[in-house]
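Here is a short tour of one protein chain. Please keep the sequence and the 3D view at hand while reading.

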Amino acid sequence: MFSQLKARFGSGLAVGIVGMIAIWLVGMVILPQLLMVDYSFRPNLLPADIGGPKDTYSLTNYETLFSNQIHLKIFFKTIWSSVLVTTITLLVSYPIAFYLAKVATPQKAALCLLLLIIPFWINEILRTFSWYIILAYKGPLNALLLGLGIIDRPVRFLSGDGGVLIGMVYAYILFMIFPIYNAIESLDTNQIKAARNLGAGWIRTHWRVIIPHAKPGIATGCVMTFMLAAGSYAVPALLGSPGSRWFTQIIYNWFFEGGDWNQGAAYAFILLLMCIGFIALVMRVFKVGLGDIAK
């Protein structure tokens with residue numbers, strides 16, 4: 001009797017959880033995206049003209065991006081910079097993830113993970129602004145470099161995209177470390193020892209044993225980091241110079257300064273399509289499926 005009640009309760013709980021997830025997906029993800037797509041194909045009209053003869057579907061909002069060379073240049077720069085952020089973050093995160101998973105003792109790994117997580121208890125805006133202070137013309141980094149005699153005069157780190165790249169790598173590094181760490185941790189250490197005993201160097205061991213096993217984690221980290229970087233607004237707004245605008249800033253301007261939600265929706269949908277294309281490319285390069293990434 002008790003086992004039957006337990007089974008019914010468990011199945012009912014599972015159905016309830018699935019139902020709540022479905023409601024969340026439909027109400028918070030699918031419907032807003034469909035509404036954005038609908039907005040993107042319609043003109044920006046006065047309230048009195050909505051639903052009238054002028055309210056027709058067209059590609060005008062999309063054509064605006066390809067006819068505006070400045071916006072188009074910023075769009076491709078955002079995509080390229082996001083790829084660069086993802087690459088740098090991967091190069092920084094992989095050694096850390098391997099150390100935590102296979103080299104460090106459980107106590108050292110726990111301490112390192114705690115030290116990585118603690119800064120993220122602070123709001124992203126404050127963490128980004130701290131980098132603004134560090135990289136400022138008269139900030140601590142320039143003072144340190146001047147004191148060590150490495151430079152003769154202060155460097156304007158915030159004059160280009162350098163500050164944005166540094167801030168994004170720092171802001172999204174955990175989204176790369178944790179998936180790779182989880183993937184490497186599941187690898188049997190005996191496989192690494194066997195490769196080393198057979199004469200493989202560390203580079204060959206990583207290339208032939210560890211990286212193939214960690215591909216799902218690497219793919220997940222790359223997808224998450226790229227999506228966050230391409231859709232970031234706070235980091236480029238705080239650390240970017242006037243000449244290093246991000247595409248999300250243009251979308252923000254269309255929505256909240258220009259008041260043209262239709263044009264902003266078209267720009268946002270183009271960015272979404274590019275992100276989906278990047279996900280497909282990563283899955284193809286690493287030869288993983290959605291099931292592998294979900295793990």
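The report below covers salt bridges, one helix and its surroundings, and one threonine.

This is a predicted model.

**Salt bridges**

Side chains of opposite charge can pair when their charged atoms come close. In this model the count comes to 3 salt bridges. The table lists them.

| Acidic residue | Basic residue | N to O distance |
|---|---|---|
| D38 | R42 | 2.8 Å |
| D55 | R42 | 2.6 Å |
| D161 | K77 | 3.6 Å |

Start with K77 and D161, whose closest N and O atoms are 3.6 Å apart. K77 sits in helix 3, while D161 belongs to the loop between helix 6 (140-147) and helix 7 (162-172), so this pair ties together parts that are 84 residues apart in sequence. D161 is partly exposed, at a relative accessible area of 25%.

Which residues do shared partners join into one network? They are D38, R42 and D55. R42 bridges to D38 at 2.8 Å. R42 also bridges to D55, at 2.6 Å. D55 and R42 both lie in the loop between helix 1 (2-40) and helix 2, 13 residues apart. Is D55 buried or exposed? D55 has a relative accessible area of 17%. The cut-off for buried is under 20%, so D55 counts as buried.

**Helix 12 and what it packs against**

Helix 12 covers residues 247-257. Its buried residues are F247, T248, Q249, I250, I251 and F255. Which helices do these buried residues pack against? The partners are helix 2 (60-67), helix 3 (69-103), helix 10 (202-230), helix 11 (234-239) and helix 13 (261-286). Helix 3 is also home to K77, the salt-bridge partner of D161.

Just past the end of helix 12 comes G259. This glycine takes a positive phi of about 70°.

**T128 in helix 5**

T128 is part of helix 5, which spans residues 124-134. Its relative accessibility is 3%, so T128 counts as buried. Where does the side chain of T128 reach? It comes to the backbone oxygen of E124, at 2.8 Å.

T128 also has contacts beyond its neighbours within four places in sequence. These are A234, V235, L238 and L239. Helix 11 spans residues 234-239 and is one of the partners of the buried residues of helix 12.

**In brief**

D38, R42 and D55 form one salt-bridge network. K77 and D161 link parts of the chain 84 residues apart. Helix 12 packs its buried residues against helices that include helix 3 and helix 11. T128 is buried in helix 5.

Conventions: Residues are numbered from 1 along each chain as its sequence is written. This is a predicted model: local features need pLDDT of at least 70, side-chain atom pairs count only at pLDDT 80 or more; totals for chains, interfaces and linings use all residues. Side-chain values use heavy atoms; hydrogens and water are left out. Buried means under 20% relative accessible area, exposed over 50%, partly exposed in between (1.4 Å probe, protein chains only). Helices (H or I, at least four residues) and strands (E, at least two) are DSSP runs, numbered from the N terminus. Contact means heavy atoms within 4.5 Å. A salt bridge is a side-chain nitrogen of Lys or Arg within 4 Å of a carboxyl oxygen of Asp or Glu. A polar contact is a pair of N or O atoms within 3.5 Å; within protein, one must be able to donate a hydrogen and the other to accept it, and residues adjacent in sequence count only if both atoms are side-chain atoms.
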